[in-house]
Amino acid sequence: METIVVVMGVSGSGKTTVAAMLAGRLHVHFLEGDDLHPPENVAKMHGGTPLTDEDRWPWLQAIADEIDRLSASGELAVIACSALKRAYRDILVHGRDDIRIVFLDGTQDLIAGRLAARKGHFMPPDLLASQFRTLERPGTNERPITVSIDAPVERIVDDIVSQLNLVPQ
């Protein structure tokens with residue numbers, strides 16, 4: 001059984017909203033992966049500078065460490081994390097079979113519209129194109145659950161719960 005669900009996708013795909021609602025539906029812990037970014041990363045993104053892999057490694061390791069801590073304590077959790085590249089997901093999953101990836105899939109036009117309407121987030125809409133260039137869609141060997149974000153949030157969460165084959169507590 002999965003103990004951790006990582007909800008991934010580009011900025012503006014709805015990771016935080018979907019992951020928080022999914023965690024609430026399942027009555028499990030929710031973690032916003034962005035909260036573990038070092039201040040330097042937030043400053044770069046806020047300034048419109050895309051992060052490099054070197055910027056991301058400590059952040060991804062901090063999330064992986066939290067996944068290990070949660071799993072070791074027996075806590076179930078849903079984590080929102082962009083996890084755009086396979087190498088990033090490999091750090092988070094590191095060969096475990098109790099972690100499930102949920103990929104929020106949407107077009108660049110749909111997400112650009114959402115970002116344009118979003119206020120107060122450190123990720124400026126200008127970086128969306130770089131996120132799509134970086135994105136490596138999860139392969140079948142990663143056992144992803146892929147859901148379209150072109151639906152109401154409740155229906156997206158219903159779809160994820162159905163594909164996880166979980167019964168909310």
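Helices are DSSP runs of H or I spanning at least four residues, numbered from the N terminus. In this predicted model, Leu92 belongs to one such element, helix α4.

**The sheet**

The strands of a sheet pair through backbone hydrogen bonds, in parallel or antiparallel fashion. Here, five strands make up an open sheet with parallel pairing, and their order is β2-β3-β1-β4-β5. Its edges are formed by β2 (29-32) and β5 (145-148), each of which pairs on one side only. On average, neighbouring strands of this sheet are turned by 20° against each other, direction ignored.

The table lists three of the strand pairings, with their bridges.

| Strand pair | Bridges | Direction | A facing residue pair |
|---|---|---|---|
| β2 and β3 (residues 77-80) | four bridges | parallel | Glu32 and Ala80 |
| β1 and β3 | four bridges | parallel | Val7 and Ala80 |
| β1 and β4 | five bridges | parallel | Val7 and Val102 |

Ala80 of β3 thus appears on two sides: it stands opposite Glu32, and it is the bridge partner of Val7. Val7 in turn has Val102 as its bridge partner in β4.

**Strand β1 and its surroundings**

Strand β1 is largely enclosed by the rest of the structure, because five of its five residues are buried. Both of its faces are covered: one side carries Ile4, Val6 and Met8, the other Val5 and Val7, and all of these residues are buried.

**Helices on the sheet**

Two helices that meet the sheet are described here. Helix α1 (residues 15-26) lies across β1 (4-8), β2, β3 and β4 (99-105), and it runs at about 175° to β3. Helix α4 (residues 86-93) packs on the sheet as well, where it touches β1 and β4. The direction of helix α4 makes about 150° with that of β4.

**Leu92 in helix α4**

Is Leu92 buried or exposed? The cut-off for a buried residue is under 20% relative accessible area. Leu92 counts as buried because its relative accessibility is 0%.

Which residues does Leu92 contact, leaving aside its neighbours within four places in sequence? The contacts are Val6, Leu60, Ile63, Ala64, Ile67, Cys81, Ala83 and Ile99. Among them, Val6 is one of the buried residues of β1, and the helix that holds Leu92 touches both β1 and β4.

A distance along the chain can also be given for this residue. Leu92 and Asn141 are 49 residues apart along the chain, and their C-alpha atoms are separated by 15 Å.

Terms used. Residues numbered from 1 in each chain as written. Predicted model: local features only at pLDDT ≥ 70, side-chain atom pairs only at ≥ 80, totals over all residues. Heavy atoms only, no water. Pairing = 2+ DSSP bridges. Axes fitted to C-alpha atoms, helices over the stretch in contact; angles between N-to-C directions. Contact = heavy atoms within 4.5 Å. Buried < 20%, exposed > 50% of the residue type's maximum accessible area, 1.4 Å probe, protein only.
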